[in-house]
Amino acid sequence: MAKRVFVNLDYCIGCGSCSAACYYSHNGFTNVHYGSVPEATIPFICRHCEDPACVAACPNGAIKKLDNGVIKRMNMLCVGCGSCSLACPFGVIDPGIRSYTILKCDLCIERLADGKEPACVTACPSGALRFEGVSEVSEEYILIGGRVGGQHPIFRRR
Amino acid sequence: MVEKRSVCLFCSLGCGLGIEVDGGGALGIEYYPEHPVNNGRLCPRGHYALELLNHPHRLYVPQIRDGEGLRKASWDEALNLLATRIDETRKSYGPQSIGIVLDPNHTNEEVEAGLRLAEAIGTSNFSCSFSPEDYGLLKGLRGLSYSEIKAEELEEFNCILVIGSLFESHPILAKRVIGAKYKKRGNSLIVIDPQRTNTALFANIHLENRPGSEALVLAGILKSLIKGASEEAVGKWGGELKAGLENIPDEAISQASGIRMGQLAEAARVFNDSEKGVVILSPGFGRHRGLPELAQLSILLANLSKGEKGILPLFTFGNALGSYRAAPNPVKTFPQLIEDASGGGIKLLLLFGEDILSAYPSEAVQKAIGQVEFLVSAGLFPSEISKFAHIVLPSASWLEKSGTVSSFKGRDQVLEPVLPPPGIARPDLEIMSQLATRLGFSLEPKAQRKAEKGISIDIQGLIRGVASLPKEMTAEEEGAKEEYPYLLVGEENSIHFADGSITRNFGWAMEVLPSPYIEINTRDAEKLGLDGGGEVLVRSRSGESTLPVQITDRIPQGVLFAPSHFPQVRCLYGWRIDPDLGYLESRPERVSLMVRD
């Protein structure tokens with residue numbers, strides 16, 4: 001099963017380390033954004049969807065789903081129209097993609113090739129970010145993540 | 001490509017990090033999973049190592065003031081000029097007119113070398129510019145580290161009592177603290193903090209105290225802890241302490257701290273009943289009051305409760321503990337030295353590291369800088385102080401020099417240069433020894449420094465200190481209620497370091513938090529007619545500044561929070577020396593607000 005970066009909102013402390021890790025491993029552009037909801041600060045990361053809207057939206061075929069499941073933006077094909085940014089249902093593709101230099105999250109392909117985890121996951125001080133297979137992680141998320149009972153997860157920390 | 005390893009000094013945890021180095025340049029951050037403190041995890045500040053090494057604005061060549069501007073010079077020229085000036089100043093004003101200040105992010109060797117340089121010159125004006133919260137804590141602990149608790153073992157604890165906003169100032173401990181809480185049913189996390197921080201969101205018991213009353217809260221917990229304890233359980237401190245605490249009435253504690261005694265008793269019970277417990281002290285600038293008392297009360301709390309207990313003090317500066325140990329009893333502390341300088345007693349001042357003008361933006365420092373005839377500043381980046389300096393020297397960062405640093409628990413870690421410093425910059429140790437050679441001394445290393453052993457707490461003094469807190473707080477409140485109705489508390493974050501003069505040069509930090517703000521409670525904002533933001537003029541007894549408003553429910557009414565990493569916020573705290581401590585006061589500040597149209 002392909003591995004993905006998961007955010008356990010229950011553990012997130014809003015330090016912004018994931019964003020900094022991305023910034024300093026992607027030439028000063030961060031693909032992990034973090035925003036605030038009234039109770040906490042939470043990171044937004046590309047989920048590398050099974051059926052990605054950004055791939056369908058791209059007029060030039062510049063975003064491709066690779067064999068290992070990574071949704072990768074091909075630099076040379078991108079015309080900078082920003083369609084992917086609009087299409088993304090999670091709002092994780094920065095509109096700054098027009099600068100021709102920013103990448104969408106590439107799951108740190110080079111680090112993966114070396115057998116390491118993506119930078120944001122390795123850096124995360126609280127263990128909120130995990131790099132795991134989709135099926136491995138879900139059960140634990142139900143147990144700790146507190147999505148039981150319909151309560152918002154971050155209220156279940158206490 | 002080679003991976004080199006080093007230590008981060010952007011807080012006292014001493015996390016290990018790796019840097020990918022290729023042909024004289026740093027390419028990327030590599031993590032260091034074997035390091036016991038952080039297991040490879042890094043907070044945003046850890047990632048700045050890359051920027052420290054690569055930054056285009058780093059000072060790389062000595063500069064000498066030439067009329068209005070600075071001109072580049074060689075080391076020989078700069079150091080010869082400095083040596084001549086030191087000799088001249090010594091002849092005409094005496095050796096006491098020379099001052100040396102180091103910031104606590106220097107290696108132990110450098111602090112010792114600075115001390116020896118001062119001795120050789122014949123001056124007693126040598127000090128480390130600890131930040132007030134670090135100094136208060138170190139003073140209370142007397143430079144001891146109580147090192148039984150290791151950061152890597154935190155997960156095995158059943159009860160963690162946190163004072164301050166731990167996850168904001170030291171995010172690396174988050175995983176272990178959260179892990180400890182979730183490890184076993186019944187494990188608990190107690191947080192004493194006025195703000196509903198991300199740390200407090202995890203707490204089982206969150207004691208939302210009035211800002212500045214942490215020592216009282218702890219005294220209340222201790223009081224209800226020893227109330228029921230037997231004579232032999234309270235041990236050698238027991239009787240005296242018990243009698244002392246009895247003299248502080250419950251009402252005074254609950255009134256000044258804003259927490260009912262029942263809640264404190266519950267916290268005491270939880271802490272006492274747990275098998276293994278730890279008190280984590282994580283103070284911040286302008287956040288806490290009575291820090292020496294706070295430190296000693298936590299030692300007592302750890303010693304007097306049942307089971308295996310300990311304390312874990314954390315500091316802002318990377319080598320605060322090491323610097324304090326290297327120069328434990330300075331003849332003059334940093335504020336006293338600055339006072340001397342503003343009185344005209346110091347004619348030549350050597351500053352290594354911190355930009356004191358942006359860290360303590362106050363009239364006293366400005367006056368001191370104005371009074372000094374010859375100012376030398378050695379640092380990493382061009383700063384406020386280098387605009388006034390007669391000689392600006394380029395220093396190597398801790399990633400570019402060798403030496404040892406002591407982390408919060410007194411663990412000495414060895415630094416090895418990852419890369420050579422930029423241009424012809426040099427480590428401060430080398431600058432000092434070259435200067436000493438030119439002055440005709442040599443800075444031979446002395447015998448190993450001896451660590452103090454055993455703890456002795458002056459209970460009477462401690463009780464006096466604690467008992468005076470409610471009075472102090474009410475007096476301050478009464479005196480300023482009309483004029484300054486709000487209480488401004490320094491907020492911690494993981495983005496900037498200390499006064500922010502270094503981190504304000506860094507890309508990500510400036511993208512995320514380029515300028516300060518002030519947080520205000522929703523109801524207070526309504527009262528002031530601030531809907532959805534705007535700007536306010538914040539005024540305190542020491543200064544004023546205009547800050548944009550953020551409205552939040554995370555803080556109590558009548559309290560304001562602002563990040564303490566900006567001079568615009570620090571100037572509100574001013575320069576007030578605590579006569580008992582002999583150092584700058586650490587306290588929340590009373591301010592008034594005026595809405596700007």
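Hi everyone, let me start with a single residue: B:Asp273 is partly exposed, with a relative accessible area of 46%. Its salt-bridge partner is B:Lys306, with 3.8 Å between N and O. B:Lys306 is partly exposed as well, at 49% relative accessible area. This pair ties together distant parts of chain B, 33 residues apart: B:Asp273 belongs to helix H11 (residues 261-273), and B:Lys306 sits in the loop between helix H12 (291-304) and strand S12 (308-313). Please keep in mind throughout that this is a predicted model.

Let me stay with charged pairs for a moment. How many salt bridges does the structure hold over all chains? The count is 32. Two further examples from chain B are worth a look on your screens.

In the first, B:Glu400 meets B:Arg58, N to O at 2.8 Å. Here the partners are 342 residues apart along the chain. B:Glu400 lies in the loop between strand S15 (391-394) and strand S16 (403-406), while B:Arg58 lies in the loop between helix H1 (44-54) and strand S4 (63-66) of chain B. Are these two buried or exposed? B:Glu400 is buried, with a relative accessibility of 4%, and B:Arg58 is buried too, also at 4%.

In the second, B:Asp250 pairs with B:Lys223, and their closest N and O atoms are 2.6 Å apart. This one links two helices of chain B, with B:Asp250 in helix H10 (residues 250-257) and B:Lys223 in helix H8 (residues 214-227), 27 residues apart. The two partners sit in unlike surroundings: B:Asp250 is partly exposed at 24% relative accessible area, whereas B:Lys223 is buried at 5%.

Now let me turn to chain A. Six helices and six strands make up its secondary structure. If you walk along the sequence, the order is β-α-β-β-α-β-β-α-α-α-β-α. Chain A has 158 residues, and 50% of them are buried. Looking at contacts with a separation of 6 or more, 56% are between residues 24 or more positions apart. The exposed surface of chain A is about 7600 Å², with carbon and sulfur atoms supplying 56% of that.

Helix H1 of chain A deserves its own moment. Eight of its nine residues are buried, so mostly covered is a fair description. Among the buried ones are A:Cys18, A:Cys22, A:Tyr23 and A:Tyr24. After the helix comes A:Asn27, which has a positive phi, near 55°.

That helix brings us to the interface. How many residues does each chain bring to the contact? Chain A gives 30 residues and chain B gives 33. The size of an interface is often given as the accessible area lost when the parts come together. For chain A and chain B, the buried area is about 2600 Å², and carbon and sulfur atoms give 55% of it.

On the polar side, 10 residue pairs are in polar contact across the interface of chain A and chain B, counting pairs with both residues at pLDDT 80 or more. Which elements of chain A each supply at least two residues of the side that touches chain B? They are helix H1 (17-25), strand S3 (40-44) and helix H5 (119-123). The largest share comes from H1(A), with six residues.

Two salt bridges are counted between the chains. One of them joins B:Glu30 to A:Arg111, with N and O 3.3 Å apart.

Last topic: cysteines. A disulfide is a covalent bond between the sulfur atoms of two cysteines. Over all chains, the count of disulfides here is zero. Why is A:Cys88 without a bond? The closest cysteine sulfur is that of A:Cys54, and it is 6.5 Å away, which is too far, because the cut-off for a disulfide is 2.5 Å. A:Cys88 is buried, at 13% relative accessibility. Over in chain B, B:Cys43 is in no disulfide either, with the nearest cysteine sulfur, in B:Cys8, at 6.2 Å. B:Cys43 is buried too, at 8% relative accessible area.

So, to leave you with one picture to rotate on your own screens: look for H1(A), which gives six residues to the side of chain A that touches chain B. Thanks for listening!

Key: Residues numbered from 1 in each chain as written. Chains lettered and ligands numbered in written order. Predicted model: local features only at pLDDT ≥ 70, side-chain atom pairs only at ≥ 80, totals over all residues. Heavy atoms only, no water. Helix = DSSP H or I, 4+ residues; strand = E, 2+ residues; numbered from the N terminus. Buried < 20%, exposed > 50% of the residue type's maximum accessible area, 1.4 Å probe, protein only. Contact = heavy atoms within 4.5 Å. Areas by Shrake-Rupley, 256 points an atom, 1.4 Å probe, with all protein chains shown as cover. Buried area = accessible area lost by both parts, 1.4 Å probe. Salt bridge = Lys/Arg side-chain N within 4 Å of Asp/Glu carboxyl O. Polar contact = N/O pair within 3.5 Å; in protein donor to acceptor, adjacent residues only side chain to side chain.
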